[in-house]
Amino acid sequence: MAANDKFEGWLGLDKESVKGNMQWGEFEPKKWSEDDVDIEVSHCGICGSDLHMLSSGWSQTPYPCVVGHEIVGKAVRVGSNVKDITVGDRVGVGAQARSCLKPDCEECSTHQENYCGNGNISTYGGVYPGDEGKSYGGYAKHNRTHNRFVFKIPEGLDSADAAPMLCGGITVFSPLKRHGAGPGKKVGIVGVGGLGHFAVLFARALGADKVVAISRKASKRDEAIKLGADEYIATDDDKDWEKNNKRSLDLIVSTVSSAKMPLTSYLGLLRVHGTYIQVGAPDGGELPPVNAFTLLASGIKLGGSGIGSPDEIKEMLQLAADQKIKPWVQKRPMKEANAAIVDMEAGKARFRYVLEN
Ligand SMILES: NC(=O)c1ccc[n+]([C@@H]2O[C@H](COP(=O)([O-])OP(=O)(O)OC[C@H]3O[C@@H](n4cnc5c(N)ncnc54)[C@H](OP(=O)(O)O)[C@@H]3O)[C@@H](O)[C@H]2O)c1
Ligand SMILES: [Zn+2]
Ligand SMILES: [Zn+2]
């Protein structure tokens with residue numbers, strides 16, 4: 001592929017694109033560098049972030065924008081500086097396309113590239129420095145990404161299963177691991193969507209004593225239990241859920257994507273010194289207000305977490321292959337991407353749509 005080749009994909013042209021109005025067309029990938037890998041996309045998951053981005057929900061999106069950051073495919077062009085990937089390898093890309101990678105960067109030099117504060121570029125909707133161009137995601141035929149953020153997919157892991165792990169999976173795996181989900185811990189997962197379903201699977205795989213799925217409606221109860229949750233709380237439908245489950249959990253990971261959430265009630269589910277981690281990213285980044293006494297009265301911690309580092313991604317993929325973790329994915333043809341995002345917005349995914357080329 002020539003350096004200035006055009007790629008093709010689903011272009012979001014304005015905020016109406018989220019309503020199923022993406023247009024198929026050509027786009028110019030970032031300028032080629034010998035650190036890059038070009039990938040022929042076979043699969044791309046649909047993440048909640050794709051919808052926030054298409055609708056300019058977080059901030060103004062630099063349209064045209066091709067979303068999709070749960071990419072798996074085949075390496076078709078590999079830069080001369082790239083050591084451990086060869087043409088033909090099955091590889092994947094998550095939500096991050098580059099960080100500063102400087103030896104004196106505190107985060108990049110300590111395997112926390114996802115928190116780099118000097119030049120973090122997202123897989124789509126990012127603008128590279130100088131004249132390198134923009135980043136474009138995986139609702140497309142090809143993707144171009146720096147090799148540090150391109151991962152070999154372990155054998156034994158299906159491509160459609162691996163794809164959504166690269167954002168949805170890692171975003172919950174990282175805080176579960178960091179905050180000690182494992183033997184002796186009771187873990188709550190709020191929001192049983194794409195991320196939430198991975199959180200139930202990974203909390204189980206990490207050996208938590210108990211996994212409690214917390215959703216709005218009673219209608220997902222059977223599916224959540226089948227997925228591996230020990231208990232299920234429906235905050236809209238279960239009477240007295242706060243009282244009945246008070247101070248019962250050590251760790252809560254919340255994947256809720258809307259600011260309309262009963263945050264104080266969720267915090268009431270934590271035991272003394274428990275930890276609440278927000279990973280869901282509502283429009284505008286808004287959260288409900290929290291009263292200081294809610295935190296003081298049980299000595300709890302309120303925090304957040306953003307995707308995961310390349311090392312954590314490799315660890316998660318290997319764990320998923322070793323433990324044969326089976327996410328619930330529904331494959332949709334890439335050509336039906338517009339219908340799939342509309343269904344995703346309507347909350348119909350059980351639990352992750354994966355577009356297939
Ligand atoms: N921190 C990060 O690095 C990171 C990475 C990836 C994604 N995200 C963000 O994580 C969020 C979830 O993504 P996803 O792909 O899992 O989306 P998703 O499949 O749509 O799941 C989101 C879940 O949030 C719950 N929810 C939605 N609206 C709600 C409301 N008004 N009140 C209470 N709960 C509500 C729903 O759970 P129930 O139906 O079970 O109630 C829904 O299933 C998005 O905001 C996304 O942008 C963050
Ligand atoms: Zn850095
Ligand atoms: Zn994502």
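Author: The chain is divided into domain 1 (7-152 + 327-356) and domain 2 (168-304), with bounds that come from an automatic or database domain assignment. This is a predicted model, in which local features need pLDDT of at least 70 and side-chain atom pairs count only at pLDDT 80 or more, while totals for chains, interfaces and linings use all residues. Residues are numbered from 1 along each chain as its sequence is written, and chains are lettered from A and ligands numbered from 1 in the order in which they are written.

Reader: Why are α2 and α3 called oblique to each other?

Author: Their packing angle is about 55 degrees, with the axes 8 Å apart; axes are lines fitted to C-alpha atoms, for helices over the stretch in contact, and angles run from 0 to 180 degrees between N-to-C directions. Angles under 35 degrees count as roughly parallel, over 145 as roughly antiparallel, 65 to 115 as roughly perpendicular and the rest as oblique, and α2 and α3 are therefore oblique. Helices such as these are DSSP runs (H or I, at least four residues), whereas strands are runs of E of at least two, numbered from the N terminus.

Reader: Which residues surround ligand 1 most closely, and how do they divide in the whole shell?

Author: The shell around ligand 1 has 29 residues, the closest being Gly48, Gly193, Ser215, Ser257 and Ser258, where near means that the C-beta atom, placed from the backbone, lies within 6 Å. The shell divides into 10 nonpolar, 16 polar and 3 charged residues, with Ala, Val, Leu, Ile, Met, Phe, Trp, Tyr, Cys and Pro counted as nonpolar, Asp, Glu, Lys and Arg as charged, and the others, Gly among them, as polar.

Reader: What does each domain give to this shell?

Author: Domain 1 and domain 2 each supply at least three residues to the shell around ligand 1.
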